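These are my notebook entries on one structure. I record what I looked up, in the order in which I looked.

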2 protein chains.
Amino acid sequence: MQDHRQSILSASLAILREKGYAGFTQPRVAAAAGLRQSHLTYYFPTRIDLLMVVARVAIDRQLVAVDGILTASSVRKAATTIASVAVRHENTRVIMALAQAADQEPALREFFRELADGIIVRAGKLLINLNIEPTDERCYQLHSMSVGMAVIDLATARKNGERRAARTLEAALTSMRKGATG
Amino acid sequence: MQDHRQSILSASLAILREKGYAGFTQPRVAAAAGLRQSHLTYYFPTRIDLLMVVARVAIDRQLVAVDGILTASSVRKAATTIASVAVRHENTRVIMALAQAADQEPALREFFRELADGIIVRAGKLLINLNIEPTDERCYQLHSMSVGMAVIDLATARKNGERRAARTLEAALTSMRKGATG
DNA sequence: GTCTATAGATAGATAGAC
DNA sequence: GTCTATCTATCTATAGAC
């Protein structure tokens, strides 16, 4: 039943979301998918096999999520939209878990290079929409700020995280715009 | 022998550095410290007990490391110094490992709030040194960029990471300075 | 081809020896 | 107070049943 593969993937993402990489175990995933652990290994012989496929799916989804930001046409709108994505802890947990895995599993790094490149391209498009010249420095600035805010917000779990992120992004984008024209 | 506590802490940090949070197990730490696992639990009854003390040490050290950046008096020097710290993967691994743990263990979050606040204060001092008005947005921008760069560099493991980070930080700081005077 | 019982390794914690 | 043997739970992987 090919359907099982799908439910294993869904369950894996749910586990990563809720428990992080440390909680990503075959028994847990199998239970969440309604299978026995020994059955799961039929579809994904090793833990890494599963992790690779899960990472593939997660990275693709993350790029799709970033696509949703591109339409913003004002600096303020862009800032608030990026901020709202950055403080979505479910996303952050999955990506962070995979990032740590990538540090140990070189095979995963390729996915993260792909994700990073994809985000840079999209950041460039956003900047063009905002009438800001898309230098690599500016694109990388947006990317690193978003990632940093997501991580900081996850670790500190503060109430005003989203507003603060939005304000800071808006200030940075405004500053870029001035730099571009002056 | 109080000395054992110290070697357990050193061993713990070494494990987090090399293996991340997933590799942080009592048997591994004990072996690295030259003790039996069952002896380790005498000093630190549960895994979380040990983690809390390790986090305390790691956060303090991180703040000390950040203190070393404050002396920079030019934008370029500040950018290159921050970049060199950001791409030090040993640091990043430890802090990231603890950040993920903090997401699961609320008791750890207080440490991260302390770290985040400490970094904001230090970022403010640095900005003053650079003749840039230290708004909260600018401080948080520096903080989030540094964190993001560290994480991205860890996950992608690219060669030009440090140079790119330095260039981007320099551009951001320069942009802030223009914003401050114009 | 699909699924499971079971082995083999490793984790964390405790009761108790010295 | 210091240290260890040992128990229980949990993990990954494989050999083999259907």
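**Entry 1: single residues in loops**

I began with A:Arg36, which counts as partly exposed because it has 13 C-beta neighbours inside 10 Å. On this scale a residue is buried if 20 or more other C-beta atoms lie within 10 Å of its own, exposed if 12 or fewer, and partly exposed in between, with C-beta atoms placed from the backbone. I note that this is a predicted model, in which local features need pLDDT of at least 70, side-chain atom pairs count only at pLDDT 80 or more, and totals for chains, interfaces and linings use all residues. Residues are numbered from 1 along each chain as its sequence is written, while chains are lettered from A and ligands numbered from 1 in the order in which they are written.

I located A:Arg36 in the loop between α2 (26-33) and α3 (37-43) of chain A. Helices (H or I, at least four residues) and strands (E, at least two) are DSSP runs, numbered from the N terminus. From A:Arg36 I went to A:Lys125: the two are 89 residues apart in sequence and 46 Å apart in space, C-alpha to C-alpha.

I then looked up A:Asn131, which is not a glycine and yet has a positive phi of about 65 degrees. A:Asn131 sits in the loop between α7 (106-129) and α8 (136-156) of chain A. A:Asn131 is exposed, with 11 other C-beta atoms within 10 Å.

In chain B, I found a positive phi near 50 degrees at B:Ala157, again a residue other than glycine. The loop between α8 (136-156) and α9 (161-181) of chain B holds B:Ala157, and this residue is partly exposed, with 16 C-beta neighbours inside 10 Å.

**Entry 2: helix α4 of chain A**

What span should helix α4 (residues 47-67) of chain A have? At 1.5 Å a residue its 21 residues should span 30 Å, and the end C-alpha atoms are 30 Å apart, which agrees. The expected span is 1.5 Å times one less than the number of residues.

I listed the buried residues of α4(A) as A:Leu50, A:Leu51, A:Val54, A:Ala55, A:Ala58, A:Ile59 and A:Val66. Seen down the axis of α4(A), they fall within an arc of 160 degrees, so they line one face of the helix; the arc is that of the directions from the helix axis to the C-beta atoms. The face of α4(A) turned away from this buried side carries the exposed residues A:Asp49, A:Val64 and A:Asp67.

**Entry 3: the two chains**

I laid chain B on chain A by a turn of 180 degrees and a shift of 0.0 Å along the axis, with an RMSD of 0.1 Å. That is the relation of a two-fold axis. The superposition is by least squares on the C-alpha atoms of residues with pLDDT of at least 70 in both copies. Within chain B, B:Gly148 comes closest to the rotation axis, at 1.9 Å (C-alpha).

**Entry 4: the DNA strands**

Which residues come nearest to DNA strand D? Of the 16 residues around strand D, I noted A:Thr25, A:Gln26, A:Pro27, B:Ser38 and B:His39 as nearest. A residue is near a strand if its C-beta atom, placed from the backbone, lies within 6 Å of it.

For DNA strand C, the nearest of its 16 surrounding residues are A:Ser38, A:His39, B:Thr25, B:Gln26 and B:Pro27.
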